[in-house]
Amino acid sequence: MPLRKIDFARALGVDPSQITRWSRKGMPLTSLEDAAAWREAVPGRRIRSDGAAAHAAGDTEAPKSMSTQLLAERLRRERGEADKVTLAVAELRGDLVRVDRMKRAHTRAVVAARTRLMDLGPRLAPQIAGMGDITSIQVAIDLEVKAAMREAAEVAAELLDEDNEDIIDT
């Protein structure tokens, strides 16, 4: 994903409008490393280690330069934190489900379907023994299989709903 001007601004510790001005003067926006190298090469344009916060706090000391590697790490960290928050919000809204919860729900659904289907023969044999036509037998089997699948789906849905309540309560 290409970097946005706001990403450059955060990494370099300046206002986004400054990035626009510098890009008009030739600062490359192809990568953070290129932008930092350009900024280091131009006299009087050093990367502040503490960003605009020091300026706002009245720090009049000469700004210190940051390595491009440090800037890249800072940007990665900020993006990672933003991604983490996005995932947490999606999980709370119910748009995202944890893998372990899905595995548990899937396992319980499969066990429920298997159990119901394994009991199919003993349960249906007495019913279909007296049926004379194939259509009646097929309908009876279809109903039992659909009931087993519906039960499996309900088991999984109940588990996921219980887990959602646990998340909301904590």
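**Close-up views of an all-helix predicted model**

Both W22 and W38 are buried. They belong to a predicted model, and the legends below take its views in turn.

**View 1. The aromatic pair formed by W22 and W38.** The structure holds 1 aromatic pair. Its partners, W22 and W38, are tilted with respect to each other, with 6.3 Å from centre to centre and 55° between the planes. An angle over 60 degrees would count as edge-to-face and one under 30 degrees as stacked, so the value of 55° leaves this pair in the tilted class. W22 is part of helix α2 (residues 16-24) and W38 is part of helix α3 (residues 32-41), so the pair ties together parts that lie 16 residues apart in sequence.

**View 2. The crossing of helices α1 and α2.** The axis of helix α1 (residues 5-12) and that of α2 come within 8 Å and cross at roughly 105°. Helix α1 is therefore roughly perpendicular to α2, because angles of 65 to 115 degrees are placed in that class. On the α1 side, K5, I6, F8, A9 and L12 take part in the contact; on the α2 side, they meet P16, I19, T20 and S23. The residues of this contact divide into 6 nonpolar, 2 polar and 1 charged. Helix α2 also carries W22, the partner of W38 in helix α3.

**View 3. The contact of helices α6 and α7.** Helix α6 (residues 99-118) and helix α7 (residues 120-129) have axes that come within 5 Å and cross at roughly 35°. Helix α6 contributes R116, L117 and M118 to the contact, while helix α7 contributes L120, G121, P122 and R123. By class, 4 of these residues are nonpolar, 1 is polar and 2 are charged.

**View 4. The protein chain as the setting of the close-ups.** The secondary structure of the chain comes to 8 helices and 0 strands, and the order of elements from the N terminus is α-α-α-α-α-α-α-α. Of its 170 residues, 27% count as buried, and W22 and W38 are both buried. About 11600 Å² of the protein chain is exposed, and carbon and sulfur atoms supply 58% of that area. Among contacts between residues at least 6 apart in sequence, 52% join residues at least 24 apart.

Note on methods:
Residues are numbered from 1 along each chain as its sequence is written. This is a predicted model: local features need pLDDT of at least 70, side-chain atom pairs count only at pLDDT 80 or more; totals for chains, interfaces and linings use all residues. Side-chain values use heavy atoms; hydrogens and water are left out. Helices (H or I, at least four residues) and strands (E, at least two) are DSSP runs, numbered from the N terminus. Buried means under 20% relative accessible area, exposed over 50%, partly exposed in between (1.4 Å probe, protein chains only). Contact means heavy atoms within 4.5 Å. Accessible areas come from the Shrake-Rupley method with a 1.4 Å probe; for residues, only the protein chains shown count as cover. Rings of Phe, Tyr and Trp (its six-membered ring) pair if their centres lie within 6.5 Å; planes under 30 degrees apart count as stacked, over 60 as edge-to-face and the rest as tilted. Axes are lines fitted to C-alpha atoms, for helices over the stretch in contact, and angles run from 0 to 180 degrees between N-to-C directions. Angles under 35 degrees count as roughly parallel, over 145 as roughly antiparallel, 65 to 115 as roughly perpendicular and the rest as oblique. Ala, Val, Leu, Ile, Met, Phe, Trp, Tyr, Cys and Pro count as nonpolar, Asp, Glu, Lys and Arg as charged, and the others, Gly among them, as polar.
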